[in-house]
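Subject: Structure for you to look at

Hello,

Here is the structure I promised, with the sequence alongside. Please open it first, then read my notes below.

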Amino acid sequence: MTSGLADLQKSTGSPCLCERCGDVLDPDAAVWLEHDTMTGRYLAPGATPELSQGFFAFGEACAKKVLANGGQNKMIRRKAR
Ligand SMILES: [Zn+2]
């Protein structure tokens, strides 16, 4: 289901980073959540049909925490780029 997204990420040539902790992720293993522009929340793909800002990658553990937190992403660490 997410292979298309992973391929898209690979084609951009940019590293796939977790939106929450900044860890480098394997695009194939990342959990992709859809960002709702109106509420600023990250939701399961398809939950924001009209206001989606696009998909963002999270590590599995981080995605669970974001979803458990009502979709609010509190960045815990951001690596310098
Ligand atoms: Zn993370």
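Two strands count as paired if DSSP finds at least two bridges between them. With that in hand, the sheet is easy to state. It is an open sheet of 3 strands, in the order β2-β1-β3, with antiparallel pairing. β2 and β3 stand at the edges, and each has a single partner strand, so one side of each has no neighbour in the sheet.

Please keep in mind that this is a predicted model.

The overall layout

The protein has 2 helices and 3 strands. Starting at the N terminus, the elements run α-β-β-β-α. Of its 81 residues, 26% count as buried. Contacts also reach along the chain: among those between residues at least 6 apart in sequence, 52% join residues at least 24 apart.

The strand pairs

β1 and β3 run antiparallel and are joined by 5 bridges. One bridge pairs Asp36 with Ser52 in β3. β1 and β2 also run antiparallel, with 2 bridges between them. Here Glu34 stands opposite Leu43 of β2, and His35 stands opposite Tyr42 of β2. β1 and β2 form a hairpin, with 5 residues between the two strands. Gly40 sits in that turn and has a positive phi of about 75°.

The helix on the sheet

α2 lies across β1, β2 and β3 and runs at about 35° to β1. Which residues of α2 (residues 60-68) are buried? They are Cys62, Ala63 and Val66. These three cover an arc of only 100° around the axis, which puts them on the same side of α2. The general rule is simple: an α-helix has 3.6 residues a turn, so residues three or four places apart point the same way.

What covers this buried side? The cover includes β1 (31-36), β2 (42-43) and β3 (52-58). The face of α2 turned away from the buried side carries the exposed residues Glu60, Lys64 and Ala68.

Val66 is worth a click. Leaving aside neighbours within four places in sequence, Val66 is in contact with Arg20, Leu33, Tyr42, Phe58, Gly71, Gln72 and Asn73.

The core

The largest nonpolar core has 14 residues. Those with the most contacts inside it are Ala30, Val31, Leu33, Ala57, Phe58, Ala63 and Val66. β1, β3 and α2 each supply at least two residues of this core. As a general point, nonpolar side chains tend to be buried together in soluble globular proteins.

After the helix

Asn69 lies in the segment after α2. Is Asn69 buried or exposed? The cut-off for exposed is 12 or fewer other C-beta atoms within 10 Å. Asn69 has 12 such atoms within 10 Å, so Asn69 is exposed. The C-alpha atoms of Asn69 and Arg41 are separated by 9.6 Å, although the two residues are 28 apart along the chain. Gly70, just after α2, takes a positive phi of about 75°.

In short

Three things to look at in the viewer: the sheet in the order β2-β1-β3, α2 lying across its strands, and the core to which β1, β3 and α2 each give at least two residues.

Best wishes

Note on methods: Residues numbered from 1 in each chain as written. Predicted model: local features only at pLDDT ≥ 70, side-chain atom pairs only at ≥ 80, totals over all residues. Buried ≥ 20, exposed ≤ 12 C-beta atoms within 10 Å, placed from the backbone. Helix = DSSP H or I, 4+ residues; strand = E, 2+ residues; numbered from the N terminus. Arc of directions from axis to C-beta. Contact = placed C-beta atoms within 7 Å. Core = buried A, V, L, I, M, F, W, Y, C linked by C-beta atoms within 7 Å. Axes fitted to C-alpha atoms, helices over the stretch in contact; angles between N-to-C directions.
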